[in-house]
Amino acid sequence: MTRILAAALLLAAAARAGEPEPAGDAPLARTAVPSERGRRDAAPRDVRRGERGRIRDGGRQPRLVERAAVPGPDGRPGPGAASSLFASVGAGASSNSCFQPATAGSCAGADSFGATFLEVGASTGTWLTRRLLLSGKLMGGMTLLSPGPFTRKDGTTVPDQAIAPHAGAGLGLEYKTRLDHFGIGLAAILRCSLASRPDGGGKDGIASLALLPRIRYVF
C-alpha cells in the first residue's frame with residue numbers, strides 16, 4: 001500500500017511540474033541594450049540640440065529620446081554640425097601705425113586709433129578627428145575707425161570717426177569637449193578695411209590680424 005501511495009505522489013508531482021505557469025507570474029523578458037563602452041567604432045554623442053521628447057513603445061516604460069546630427073560613415077558628426085552662419089562684433093586698437101606720413105618723419109593723420117568691426121559671415125569645415133574640427137571662415141561688414149587715420153582736405157585736422165567697408169577670412173580650430181553643448185577653440189582672422197581719404201586722395205586699405213580664443217556654448 002505504501003508503495004502505491006508513493007508512486008501516486010510522484011506522478012502528481014511530475015504532472016504539476018509540467019503545467020505552464022500563470023500569465024501573471026510569467027517572468028519579464030530581458031532585452032539587450034547596446035552600449036558605447038567597449039566598442040572601438042562607437043562615435044561620441046554629438047552636442048545636443050535641445051530637442052527632446054518621451055515616447056511609449058508597446059506599453060513599456062517611457063524612455064528619453066534625443067535628436068542629434070546623424071554621424072557620417074566614419075563615426076564623425078555629419079556635415080550640418082560643421083557649418084554655420086554668424087554675426088559678430090569685434091574691437092581692436094592700432095598703435096604707432098601711420099597711414100598718412102608727413103614731412104620730417106611725423107604723421108599727418110592719427111597714428112593710434114581704435115577699430116570696431118560689425119560683420120556677418122559663414123563658416124564650414126572638416127572633422128580631423130571625432131571631436132576636432134578645422135574650419136574656414138568668410139566675413140564682411142563695416143569698420144568704425146576712431147579717430148580717423150587720414151586728415152581732412154586742410155591737411156591738419158583729423159575727423160573723430162571714419163567708416164570703411166571690410167572683408168575678411170579666417171581659420172579656426174575647435175575641440176568638442178565631453179561636456180554637453182560645450183566647445184573650446186582658437187581662431188585667426190585677417191581683415192582688410194577700405195577707407196576713403198577725406199583729403200580726396202582716394203582709398204587706402206588697412207589690414208588687421210586677430211588671434212583669439214573661442215568658448216562656444218550651444219543652446
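Leu134 sits in strand 5, which covers residues 132-146. In this predicted model, the residue has a relative accessibility of 33%, so it counts as partly exposed. Leu134 also helps build a nonpolar patch on the surface, together with Leu128 and Leu173. That patch comes to about 230 Å².

Turning to the interior, the largest nonpolar core has nine residues: Phe113, Ala115, Phe117, Leu145, Phe150, Ala162, Ala164, Ala195 and Ile206. Two elements, strand 4 (113-127) and strand 6 (162-176), each give two or more residues to this core. Strand 4 is the biggest giver, with three. In soluble globular proteins, nonpolar side chains tend to end up buried together.

One core member, Leu145, shows who meets whom. Setting aside neighbours within four places in sequence, Leu145 touches Phe113, Ala115, Ala162, Ala195 and Ile206, and its contacts also include Gly114, Asp160 and Gln161.

Phe113 turns up again in the aromatic pairing, of which the structure holds just one case. Here the partner is Phe99: the ring centres lie 6.0 Å apart and the planes meet at 55°, so the pair is tilted. Phe99 belongs to the loop between strand 3 (83-94) and strand 4, while Phe113 is in strand 4, so the pair ties together parts 14 residues apart in sequence. As for cover, Phe113 has a relative accessible area of 6% and is therefore buried. Phe99, at 27%, is partly exposed, since buried would call for under 20%.

How values were computed:
Residues are numbered from 1 along each chain as its sequence is written. This is a predicted model: local features need pLDDT of at least 70, side-chain atom pairs count only at pLDDT 80 or more; totals for chains, interfaces and linings use all residues. Side-chain values use heavy atoms; hydrogens and water are left out. Patches are made of residues with over 30% relative accessible area and no salt bridge: like charges are joined within 9 Å, nonpolar side chains (Val, Leu, Ile, Met, Phe, Trp, Tyr) within 5 Å. Accessible areas come from the Shrake-Rupley method with a 1.4 Å probe; for residues, only the protein chains shown count as cover. A salt bridge is a side-chain nitrogen of Lys or Arg within 4 Å of a carboxyl oxygen of Asp or Glu. Helices (H or I, at least four residues) and strands (E, at least two) are DSSP runs, numbered from the N terminus. Buried means under 20% relative accessible area, exposed over 50%, partly exposed in between (1.4 Å probe, protein chains only). A nonpolar core is a set of buried Ala, Val, Leu, Ile, Met, Phe, Trp, Tyr and Cys residues joined through side-chain atoms within 4.5 Å. Contact means heavy atoms within 4.5 Å. Rings of Phe, Tyr and Trp (its six-membered ring) pair if their centres lie within 6.5 Å; planes under 30 degrees apart count as stacked, over 60 as edge-to-face and the rest as tilted.
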